[in-house]
Amino acid sequence: MRSTVNHVLSVAQFERPFLFELFRRADELATLGAREAVGTAKGAIMATLFYEPSTRTRLSFEAAMTRLGGAVISAEYAAATSSAAKGESIEDTARVVAGYADLLVIRHPEAGSVARAASVVDVPVINAGDGANEHPTQALIDLYTIWRELGRIDGLTIALVGDLRYGRAARSLARLLTQTVDTTVFLVAPPVTRMAPDVVNELRAAGLRVEETDDLYAIAPTLDVLYQTRIQRERFSDAESYTQACGHYVVNRELMQHLPSEAIVLHPLPRVGEIDPAVDDDRRAAYFRQARNGVALRMALIEWMLQRRPAEVVSSNGHHRR
Ligand code: CP
(Lines give C-alpha, C1' and ligand atoms only; values in the text may rest on other atoms or scores of the structure.)
Protein backbone atom coordinates (compact mmCIF):
# COMPACT_ATOMS: atom_id res chain seq x y z
CA MET A 1 0.00 0.00 0.00
CA ARG A 2 1.21 3.50 -0.78
CA SER A 3 2.08 5.48 2.35
CA THR A 4 1.76 8.91 0.73
CA VAL A 5 -1.92 8.81 -0.18
CA ASN A 6 -3.57 12.21 0.25
CA HIS A 7 -6.61 11.19 2.27
CA VAL A 8 -8.84 13.92 3.70
CA LEU A 9 -10.22 12.52 6.95
CA SER A 10 -10.06 15.36 9.49
CA VAL A 11 -9.42 19.09 9.56
CA ALA A 12 -6.60 18.34 12.00
CA GLN A 13 -4.40 17.58 9.00
CA PHE A 14 -4.61 21.13 7.55
CA GLU A 15 -2.24 23.98 8.29
CA ARG A 16 -2.37 27.64 7.28
CA PRO A 17 -0.03 27.58 4.24
CA PHE A 18 -2.02 24.76 2.68
CA LEU A 19 -5.32 26.53 3.37
CA PHE A 20 -4.24 29.71 1.59
CA GLU A 21 -2.84 27.69 -1.30
CA LEU A 22 -6.15 25.86 -1.61
CA PHE A 23 -8.22 29.05 -1.37
CA ARG A 24 -6.19 30.82 -4.06
CA ARG A 25 -6.52 27.87 -6.41
CA ALA A 26 -10.26 27.68 -5.70
CA ASP A 27 -10.54 31.36 -6.59
CA GLU A 28 -8.74 30.74 -9.86
CA LEU A 29 -11.00 27.81 -10.68
CA ALA A 30 -14.10 29.80 -9.74
CA THR A 31 -13.25 32.45 -12.32
CA LEU A 32 -13.03 29.89 -15.13
CA GLY A 33 -16.80 29.54 -15.25
CA ALA A 34 -19.01 26.58 -15.91
CA ARG A 35 -18.30 26.12 -19.60
CA GLU A 36 -14.54 26.45 -19.64
CA ALA A 37 -12.75 23.11 -19.71
CA VAL A 38 -10.14 22.70 -17.00
CA GLY A 39 -9.00 19.17 -17.77
CA THR A 40 -6.71 18.58 -14.79
CA ALA A 41 -8.63 15.44 -13.82
CA LYS A 42 -9.00 14.11 -17.35
CA GLY A 43 -8.92 10.31 -17.41
CA ALA A 44 -9.55 10.00 -13.65
CA ILE A 45 -12.62 8.45 -12.04
CA MET A 46 -14.16 9.53 -8.73
CA ALA A 47 -16.52 7.20 -6.84
CA THR A 48 -19.04 8.71 -4.44
CA LEU A 49 -20.36 6.30 -1.80
CA PHE A 50 -23.08 7.93 0.28
CA TYR A 51 -24.66 5.91 3.09
CA GLU A 52 -26.54 9.02 4.29
CA PRO A 53 -28.61 11.60 2.39
CA SER A 54 -26.91 14.57 0.77
CA THR A 55 -27.64 17.35 -1.67
CA ARG A 56 -24.65 19.71 -1.54
CA THR A 57 -21.73 17.44 -0.73
CA ARG A 58 -22.34 14.70 -3.27
CA LEU A 59 -23.55 16.90 -6.09
CA SER A 60 -20.87 19.56 -5.65
CA PHE A 61 -18.15 16.90 -5.57
CA GLU A 62 -19.59 15.38 -8.72
CA ALA A 63 -19.90 18.79 -10.39
CA ALA A 64 -16.32 19.60 -9.37
CA MET A 65 -14.95 16.37 -10.84
CA THR A 66 -16.97 16.84 -14.01
CA ARG A 67 -15.68 20.40 -14.45
CA LEU A 68 -12.12 19.15 -14.01
CA GLY A 69 -12.68 16.77 -16.92
CA GLY A 70 -12.90 13.60 -14.83
CA ALA A 71 -15.66 11.00 -14.61
CA VAL A 72 -17.95 10.01 -11.73
CA ILE A 73 -19.45 6.71 -10.57
CA SER A 74 -21.88 6.89 -7.68
CA ALA A 75 -23.75 4.86 -5.07
CA GLU A 76 -26.27 7.48 -4.03
CA TYR A 77 -28.28 5.35 -1.59
CA ALA A 78 -25.40 3.09 -0.65
CA ALA A 79 -26.99 1.74 2.52
CA ALA A 80 -29.95 0.40 0.55
CA THR A 81 -28.66 -0.20 -2.97
CA SER A 82 -25.02 -1.23 -2.55
CA SER A 83 -24.03 -4.62 -1.15
CA ALA A 84 -23.95 -3.01 2.30
CA ALA A 85 -27.62 -4.05 2.27
CA LYS A 86 -26.39 -7.67 2.14
CA GLY A 87 -24.00 -7.09 5.03
CA GLU A 88 -20.78 -6.16 3.23
CA SER A 89 -18.41 -4.16 5.43
CA ILE A 90 -17.36 -0.66 4.43
CA GLU A 91 -13.77 -1.89 4.31
CA ASP A 92 -14.64 -4.56 1.74
CA THR A 93 -16.73 -2.15 -0.30
CA ALA A 94 -13.89 0.39 -0.30
CA ARG A 95 -11.35 -2.27 -1.31
CA VAL A 96 -13.49 -3.24 -4.29
CA VAL A 97 -14.44 0.27 -5.43
CA ALA A 98 -10.80 1.38 -5.13
CA GLY A 99 -10.20 -1.00 -8.04
CA TYR A 100 -12.69 0.98 -10.14
CA ALA A 101 -11.80 4.55 -9.24
CA ASP A 102 -8.87 6.90 -8.53
CA LEU A 103 -10.58 8.75 -5.68
CA LEU A 104 -13.30 7.76 -3.19
CA VAL A 105 -15.69 10.21 -1.52
CA ILE A 106 -17.54 8.52 1.34
CA ARG A 107 -20.33 9.63 3.70
CA HIS A 108 -21.31 7.20 6.43
CA PRO A 109 -23.35 7.44 9.68
CA GLU A 110 -20.67 5.91 11.89
CA ALA A 111 -17.85 8.03 13.35
CA GLY A 112 -14.46 6.69 12.27
CA SER A 113 -15.87 4.53 9.46
CA VAL A 114 -14.35 6.56 6.62
CA ALA A 115 -10.92 6.39 8.25
CA ARG A 116 -11.32 2.61 8.48
CA ALA A 117 -12.14 2.46 4.78
CA ALA A 118 -9.16 4.67 3.96
CA SER A 119 -6.85 2.40 5.92
CA VAL A 120 -7.37 -0.52 3.53
CA VAL A 121 -7.13 1.18 0.12
CA ASP A 122 -4.36 2.67 -1.97
CA VAL A 123 -6.33 5.50 -3.55
CA PRO A 124 -7.19 8.83 -1.86
CA VAL A 125 -10.32 8.88 0.28
CA ILE A 126 -12.33 11.96 1.27
CA ASN A 127 -14.45 11.95 4.40
CA ALA A 128 -17.73 13.51 3.27
CA GLY A 129 -19.14 13.23 6.80
CA ASP A 130 -18.78 10.39 9.32
CA GLY A 131 -21.57 10.44 11.87
CA ALA A 132 -21.28 13.29 14.36
CA ASN A 133 -17.51 13.31 14.03
CA GLU A 134 -16.19 15.36 11.12
CA HIS A 135 -17.10 16.98 7.81
CA PRO A 136 -13.70 18.37 6.84
CA THR A 137 -14.49 19.59 3.32
CA GLN A 138 -17.51 21.53 4.63
CA ALA A 139 -15.20 23.30 7.08
CA LEU A 140 -12.81 24.14 4.23
CA ILE A 141 -15.74 25.65 2.32
CA ASP A 142 -16.82 27.58 5.41
CA LEU A 143 -13.39 29.11 6.00
CA TYR A 144 -12.95 29.76 2.27
CA THR A 145 -16.27 31.60 2.28
CA ILE A 146 -15.19 33.71 5.26
CA TRP A 147 -11.96 34.56 3.40
CA ARG A 148 -13.85 35.48 0.22
CA GLU A 149 -16.55 37.47 1.99
CA LEU A 150 -14.47 39.30 4.61
CA GLY A 151 -11.02 39.25 3.00
CA ARG A 152 -9.35 37.60 6.00
CA ILE A 153 -9.57 34.68 8.42
CA ASP A 154 -7.81 36.33 11.37
CA GLY A 155 -8.97 38.79 14.02
CA LEU A 156 -12.56 37.61 13.74
CA THR A 157 -15.36 37.11 16.23
CA ILE A 158 -17.43 34.07 15.28
CA ALA A 159 -20.53 32.55 16.87
CA LEU A 160 -21.22 28.85 16.31
CA VAL A 161 -24.92 28.38 16.97
CA GLY A 162 -27.34 25.47 17.31
CA ASP A 163 -26.35 21.81 17.36
CA LEU A 164 -22.69 21.84 18.40
CA ARG A 165 -22.87 18.32 19.82
CA TYR A 166 -24.03 16.31 16.82
CA GLY A 167 -23.30 18.85 14.07
CA ARG A 168 -20.16 17.57 12.38
CA ALA A 169 -19.84 20.72 10.26
CA ALA A 170 -19.69 22.96 13.35
CA ARG A 171 -17.26 20.58 15.03
CA SER A 172 -14.95 20.55 12.01
CA LEU A 173 -15.14 24.32 11.54
CA ALA A 174 -14.34 24.90 15.22
CA ARG A 175 -11.28 22.68 14.94
CA LEU A 176 -10.18 24.36 11.69
CA LEU A 177 -10.37 27.76 13.41
CA THR A 178 -7.29 26.68 15.39
CA GLN A 179 -5.38 27.68 12.23
CA THR A 180 -6.56 31.27 12.59
CA VAL A 181 -5.07 34.02 14.73
CA ASP A 182 -6.63 36.44 17.23
CA THR A 183 -10.00 34.68 17.02
CA THR A 184 -12.90 34.85 19.45
CA VAL A 185 -15.41 32.01 19.34
CA PHE A 186 -18.80 32.16 21.01
CA LEU A 187 -20.50 28.79 21.43
CA VAL A 188 -24.28 29.25 21.53
CA ALA A 189 -26.27 26.07 22.05
CA PRO A 190 -29.11 24.60 24.10
CA PRO A 191 -27.90 22.46 27.04
CA VAL A 192 -28.50 19.19 25.15
CA THR A 193 -26.37 20.17 22.15
CA ARG A 194 -23.36 21.89 23.69
CA MET A 195 -19.94 21.52 22.08
CA ALA A 196 -17.92 18.55 23.34
CA PRO A 197 -15.33 19.48 25.99
CA ASP A 198 -12.48 17.98 23.94
CA VAL A 199 -13.10 20.52 21.16
CA VAL A 200 -13.45 23.44 23.60
CA ASN A 201 -10.15 22.43 25.19
CA GLU A 202 -8.50 22.11 21.79
CA LEU A 203 -9.56 25.64 20.83
CA ARG A 204 -8.32 27.15 24.09
CA ALA A 205 -5.03 25.25 23.84
CA ALA A 206 -4.57 26.77 20.37
CA GLY A 207 -4.93 30.28 21.83
CA LEU A 208 -8.48 31.08 20.76
CA ARG A 209 -10.75 33.00 23.11
CA VAL A 210 -13.75 30.74 23.71
CA GLU A 211 -16.92 31.64 25.56
CA GLU A 212 -20.09 29.62 25.96
CA THR A 213 -23.23 31.73 26.17
CA ASP A 214 -26.98 31.36 25.77
CA ASP A 215 -27.60 35.02 24.89
CA LEU A 216 -27.23 35.33 21.13
CA TYR A 217 -28.77 38.80 21.07
CA ALA A 218 -26.18 40.12 23.55
CA ILE A 219 -23.21 39.02 21.44
CA ALA A 220 -24.75 39.69 18.00
CA PRO A 221 -23.39 43.29 17.73
CA THR A 222 -19.82 42.00 18.24
CA LEU A 223 -19.92 39.36 15.49
CA ASP A 224 -18.14 39.13 12.17
CA VAL A 225 -19.60 35.70 11.43
CA LEU A 226 -22.78 34.06 12.69
CA TYR A 227 -22.58 30.34 11.84
CA GLN A 228 -26.02 28.84 12.28
CA THR A 229 -26.66 25.07 12.24
CA ARG A 230 -29.56 22.66 12.10
CA ILE A 231 -30.48 20.50 15.09
CA GLN A 232 -29.45 17.05 13.79
CA ARG A 233 -32.66 15.14 14.33
CA GLU A 234 -31.21 11.91 12.93
CA ARG A 235 -28.56 11.73 15.67
CA PHE A 236 -30.92 11.93 18.69
CA SER A 237 -31.80 8.72 20.52
CA ASP A 238 -35.17 10.06 21.72
CA ALA A 239 -37.76 12.53 20.46
CA GLU A 240 -37.96 14.42 23.75
CA SER A 241 -34.29 15.46 23.68
CA TYR A 242 -34.68 16.57 20.07
CA THR A 243 -37.70 18.67 20.96
CA GLN A 244 -35.79 20.25 23.85
CA ALA A 245 -33.03 21.28 21.48
CA CYS A 246 -35.27 22.93 18.87
CA GLY A 247 -36.37 26.52 18.48
CA HIS A 248 -33.95 28.27 20.84
CA TYR A 249 -32.02 30.28 18.27
CA VAL A 250 -33.59 31.50 15.05
CA VAL A 251 -31.98 33.95 12.63
CA ASN A 252 -34.79 36.30 11.69
CA ARG A 253 -35.23 39.95 10.77
CA GLU A 254 -35.15 41.01 14.40
CA LEU A 255 -31.81 39.31 15.03
CA MET A 256 -30.36 40.72 11.79
CA GLN A 257 -31.00 44.21 13.16
CA HIS A 258 -28.52 43.46 15.93
CA LEU A 259 -25.73 42.25 13.60
CA PRO A 260 -23.08 44.68 12.30
CA SER A 261 -23.58 45.86 8.71
CA GLU A 262 -20.45 43.99 7.55
CA ALA A 263 -21.18 40.71 9.36
CA ILE A 264 -22.11 37.56 7.46
CA VAL A 265 -24.50 34.71 8.26
CA LEU A 266 -23.36 31.22 7.26
CA HIS A 267 -25.08 27.83 7.47
CA PRO A 268 -23.83 24.52 6.04
CA LEU A 269 -27.45 23.76 5.04
CA PRO A 270 -29.96 22.21 4.86
CA ARG A 271 -31.95 24.53 7.12
CA VAL A 272 -35.22 23.46 8.70
CA GLY A 273 -36.52 26.56 10.45
CA GLU A 274 -33.45 28.00 12.17
CA ILE A 275 -33.07 30.71 9.51
CA ASP A 276 -36.21 32.57 8.46
CA PRO A 277 -36.31 32.74 4.63
CA ALA A 278 -37.36 36.38 5.10
CA VAL A 279 -33.68 37.25 5.66
CA ASP A 280 -32.46 35.57 2.46
CA ASP A 281 -32.45 38.87 0.57
CA ASP A 282 -30.25 40.55 3.17
CA ARG A 283 -26.77 40.87 1.60
CA ARG A 284 -25.26 39.55 4.87
CA ALA A 285 -27.04 36.22 4.33
CA ALA A 286 -24.14 34.38 2.69
CA TYR A 287 -25.27 30.75 3.01
CA PHE A 288 -26.24 30.20 -0.62
CA ARG A 289 -22.97 31.78 -1.78
CA GLN A 290 -21.28 29.43 0.73
CA ALA A 291 -22.97 26.41 -0.89
CA ARG A 292 -21.94 27.63 -4.35
CA ASN A 293 -18.32 27.96 -3.19
CA GLY A 294 -18.33 24.21 -2.63
CA VAL A 295 -17.70 23.44 -6.28
CA ALA A 296 -14.55 25.56 -6.70
CA LEU A 297 -13.14 24.53 -3.34
CA ARG A 298 -13.72 20.86 -4.08
CA MET A 299 -12.19 21.26 -7.55
CA ALA A 300 -9.03 22.60 -5.92
CA LEU A 301 -9.05 19.78 -3.39
CA ILE A 302 -9.51 17.07 -6.03
CA GLU A 303 -6.57 18.46 -8.01
CA TRP A 304 -4.42 18.28 -4.90
CA MET A 305 -5.54 14.76 -4.03
CA LEU A 306 -4.90 13.48 -7.51
CA GLN A 307 -1.57 15.30 -7.45
CA ARG A 308 -2.53 17.15 -10.59
CA ARG A 309 -2.22 20.58 -9.11
CA PRO A 310 -0.54 23.15 -11.37
CA ALA A 311 2.90 23.71 -9.84
CA GLU A 312 2.78 27.49 -10.07
CA VAL A 313 -0.03 27.85 -7.51
CA VAL A 314 1.80 28.57 -4.28
CA SER A 315 0.90 31.21 -1.73
CA SER A 316 3.06 33.09 0.74
CA ASN A 317 0.55 34.94 2.89
CA GLY A 318 -3.10 35.00 3.74
CA HIS A 319 -4.15 38.27 2.17
CA HIS A 320 -6.94 37.95 -0.29
CA ARG A 321 -6.89 40.03 -3.44
CA ARG A 322 -10.45 41.22 -3.85
N1 CP B 1 -23.67 20.78 4.03
C2 CP B 1 -23.96 19.48 3.71
O3 CP B 1 -23.22 18.56 4.08
O4 CP B 1 -25.09 19.34 2.98
P5 CP B 1 -25.61 17.94 2.43
O6 CP B 1 -26.01 17.10 3.62
O7 CP B 1 -26.79 18.29 1.56
O8 CP B 1 -24.50 17.29 1.67
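Which residue ranges does the domain assignment of the chain give to domain 1 and domain 2? In this predicted model, domain 1 comprises 11–135 together with 293–312, whereas domain 2 covers 136–290. The C-alpha centres of domain 1 and domain 2 lie 25 Å apart, and across the boundary 34 residues of domain 1 are in contact with 30 residues of domain 2.

**The ligand and its surroundings**

The ligand lies between domain 1 and domain 2, because both domains give residues to the shell around it. That shell is made up of S54, T55, R56, T57, R107, H135, Q138, P268 and L269. Sorted by residue class, the shell divides into 2 nonpolar, 5 polar and 2 charged residues.

Among the residues of the shell, S54, R56 and H135 each place a polar side-chain atom at a short listed distance from an oxygen atom of the ligand, as the table sets out.

| Residue | Atom of the residue | Partner in the ligand | Distance |
|---|---|---|---|
| S54 | polar side-chain atom | oxygen atom | 2.6 Å |
| R56 | polar side-chain atom | oxygen atom | 2.9 Å |
| H135 | polar side-chain atom | oxygen atom | 2.9 Å |

How much of the ligand does the protein bury? Taken alone, the ligand exposes 260 Å², and the protein buries 91% of that area.

**Aromatic pairs**

The structure holds 8 aromatic pairs, two of which are described here. F14 and F18 form a stacked pair, with 5.4 Å from centre to centre and 5° between the planes; the pair counts as stacked because planes under 30 degrees apart are classed in that way. Both F14 and F18 are buried, and together with W304 these two residues form one aromatic cluster.

F236 and Y242, by contrast, form an edge-to-face pair, in which the ring centres are 5.6 Å apart and the planes stand at 75° to one another. Are the two partners of this pair, F236 and Y242, buried or exposed? F236 has a relative accessible area of 12% and is therefore buried, and Y242, at 15% relative accessibility, likewise counts as buried, since the class takes in residues under 20%.

**Summary**

Taken together, the model shows a chain assigned to domain 1 and domain 2, a ligand that lies between them and of whose accessible area the protein buries 91%, and a set of 8 aromatic pairs, including the stacked pair of F14 and F18 and the edge-to-face pair of F236 and Y242.

Notes:
Residues are numbered from 1 along each chain as its sequence is written. This is a predicted model: local features need pLDDT of at least 70, side-chain atom pairs count only at pLDDT 80 or more; totals for chains, interfaces and linings use all residues. Side-chain values use heavy atoms; hydrogens and water are left out. A residue is near a molecule or strand if one of its heavy atoms lies within 4 Å of it. A polar contact is a pair of N or O atoms within 3.5 Å; within protein, one must be able to donate a hydrogen and the other to accept it, and residues adjacent in sequence count only if both atoms are side-chain atoms. Accessible areas come from the Shrake-Rupley method with a 1.4 Å probe; for residues, only the protein chains shown count as cover. Ala, Val, Leu, Ile, Met, Phe, Trp, Tyr, Cys and Pro count as nonpolar, Asp, Glu, Lys and Arg as charged, and the others, Gly among them, as polar. Domain bounds come from an automatic or database domain assignment. Rings of Phe, Tyr and Trp (its six-membered ring) pair if their centres lie within 6.5 Å; planes under 30 degrees apart count as stacked, over 60 as edge-to-face and the rest as tilted. Buried means under 20% relative accessible area, exposed over 50%, partly exposed in between (1.4 Å probe, protein chains only). Contact means heavy atoms within 4.5 Å.
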